[in-house]
Amino acid sequence: MNIQSFALDLHEPLATAAGDIARREGFLVTLDEDDGCRGVGEACPLPGWTESYDECRDALADAVPADLDTLPPAARHGVALALLDADAREDGVPLYRHLGRDERVETVPVNATVGDAPPEPTRERVADAVREGYTCVKLKAANRPLAADVERVAAAREVAPDIEIRLDANGGWTRDTATRAFETLATFDVSYVEQPLPASDLGGFAALPNTGVGIALDEGLYEHGIDAVLDSEITHLVLKPMALGGPDIALELAGLARGAGIEPVVTTTIDGPIARAAAVHVAAAIPAVSACGLATGSLLATGEMPDPAPVTGGVAAVPQKDGNTPAVLPADYA
Ligand SMILES: [Mg+2]
């Protein structure tokens with residue numbers, strides 16, 4: 001197994017709940033199986049969601065594929081993806097087919113990330129998203145007083161009467177504020193709010209009014225585990241393969257969610273192109289998946305490397321060559 005570090009700058013620093021991100025650093029994991037098939041995986045740790053960079057590096061230095069499940073999440077993702085990639089190449093199928101989807105899938109729907117901005121720029125960004133063909137936008141919420149967030153949502157709805165609007169509060173509301181939010185947001189046909197309550201407050205979802213606005217769980221999954229989450233009052237479950245420990249685990253949880261009547265949504269943690277492509281394959285392996293948070297590739301400066309899953313018209317193209325990505329090797333960004 002060969003481990004190679006990489007670093008990719010973002011075109012512009014991205015404000016996230018875990019702080020500003022300007023650069024993503026991680027490891028490419030390459031392994032050559034006895035049958036001659038090569039697999040490439042990516043471990044791109046993001047503290048707050050996964051182990052630290054140093055922990056990931058140390059775990060990979062000692063890793064053996066047979067002990068996959070002892071690795072921390074980003075390291076496990078790197079090794080698991082390398083194994084899956086090699087196996088899919090051996091089967092002669094793209095990764096999503098190897099993951100179990102039995103028909104060709106050309107594209108998966110993705111949401112436009114509108115982020116947090118005052119009403120006017122929000123209106124402009126949502127109008128751009130509509131022009132670009134997106135059918136779903138995601139706004140950050142809870143960084144401002146509720147009334148200010150409502151003005152932003154109203155601006156988005158005014159310029160895009162038919163688009164699906166989602167919010168992500170990143171755990172920023174109290175039960176009281178979330179209750180008021182759900183009552184008001186229903187007026188603007190918001191489809192769901194991601195993590196309206198702090199990650200610790202899984203029971204609080206049952207106290208929110210049923211106004212037709214759904215509840216998506218993101219951060220809380222890592223605090224409570226899948227069993228408790230499937231029993232909670234949520235409508236959607238956000239799955240980040242890097243934070244969960246691999247594409248295989250993300251897909252397994254997607255199946256469990258569906259079985260419990262909860263819709264899975266696949267997103268990245270602003271991963272590099274190899275891991276983002278794998279997340280697109282995971283989404284493609286889920287029949288009729290709803291819009292996913294996978295339009296993150298254009299945030300990263302990847303030099304000459306072509307985007308393996310480019311987004312146009314509100315959908316990401318699913319790579320159709322054998323394995324995860326076409327056999328692009330990372331010389332361009334290593
Ligand atoms: Mg989120």
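This report walks through the magnesium site of a predicted model, the sheet around it and two annotated lysines.

**The metal site**

Start with the magnesium ion. Its protein donors are Asp168 (OD), Glu194 (OE) and Asp218 (OD), at 2.0 to 2.3 Å from the ion. Along the sequence, these donor residues follow the spacing D-x25-E-x23-D. Glu194 sits in strand β8 (residues 190–194), while Asp218 is in the loop between β9 (214–217) and α7 (220–224), so this pair ties together parts that are 24 residues apart in sequence.

Are Glu194 and Asp218 buried or exposed? Glu194 has 2% relative accessibility and counts as buried. Asp218, at 1% relative accessibility, is buried too.

**The sheet**

Now for the scaffold. Seven strands form an open sheet in the order β5-β6-β7-β8-β9-β10-β11, and the pairing is parallel. At the edges are β5 (112–115) and β11 (263–266), each of which pairs on one side only. On average, neighbouring strands of this sheet are turned by 25° against each other, direction ignored.

Zoom in on strand β7 (residues 164–168): four bridges join it to β8, and the two run parallel. Here Asp168 stands opposite Glu194 in β8, and both residues are among the magnesium donors.

Two helices lie across strands of this sheet:

| Helix | Strands it lies across | Angle |
|---|---|---|
| α4 (residues 119–131) | β5 and β6 (136–140) | about 175° to β5 |
| α5 (residues 146–159) | β5, β6, β7 and β8 | about 165° to β6 |

UniProt, in an unreviewed entry, lists residues 119–214 as "domain: Mandelate racemase/muconate lactonizing enzyme C-terminal". That span is 40% helix and 17% strand, and its end C-alpha atoms lie 23 Å apart.

**The two lysines**

Which residues does the unreviewed UniProt entry list for "active site"? The entry gives Lys140 and Lys240.

Lys140 belongs to strand β6. Setting aside residues up to four places away in sequence, Lys140 touches Gly115, Asp116, Asp149, Arg152, Asp168 and Asn170. One of these, Asp168, is a magnesium donor.

Lys240 is found in the loop between β10 (236–239) and α9 (241–244). With a relative accessible area of 7%, Lys240 is buried. Apart from neighbours within four places in sequence, its contacts are Trp49, Asp218, Tyr222, Thr267, Thr268 and Thr269. What joins the side chains of Lys240 and Asp218? A polar contact of 2.7 Å does, and Asp218 is itself one of the magnesium donors.

Conventions
Residues are numbered from 1 along each chain as its sequence is written. This is a predicted model: local features need pLDDT of at least 70, side-chain atom pairs count only at pLDDT 80 or more; totals for chains, interfaces and linings use all residues. Side-chain values use heavy atoms; hydrogens and water are left out. Donors are N, O and S atoms within 2.8 Å of the metal (3.2 Å for Na, K and Ca); water is not among the atoms, so sites may look incomplete. Buried means under 20% relative accessible area, exposed over 50%, partly exposed in between (1.4 Å probe, protein chains only). UniProt positions are given in the numbering used here, feature names are shortened, and annotations may be inferred rather than shown by experiment. Two strands pair if DSSP finds at least two bridges between them. Axes are lines fitted to C-alpha atoms, for helices over the stretch in contact, and angles run from 0 to 180 degrees between N-to-C directions. Contact means heavy atoms within 4.5 Å. A polar contact is a pair of N or O atoms within 3.5 Å; within protein, one must be able to donate a hydrogen and the other to accept it, and residues adjacent in sequence count only if both atoms are side-chain atoms.
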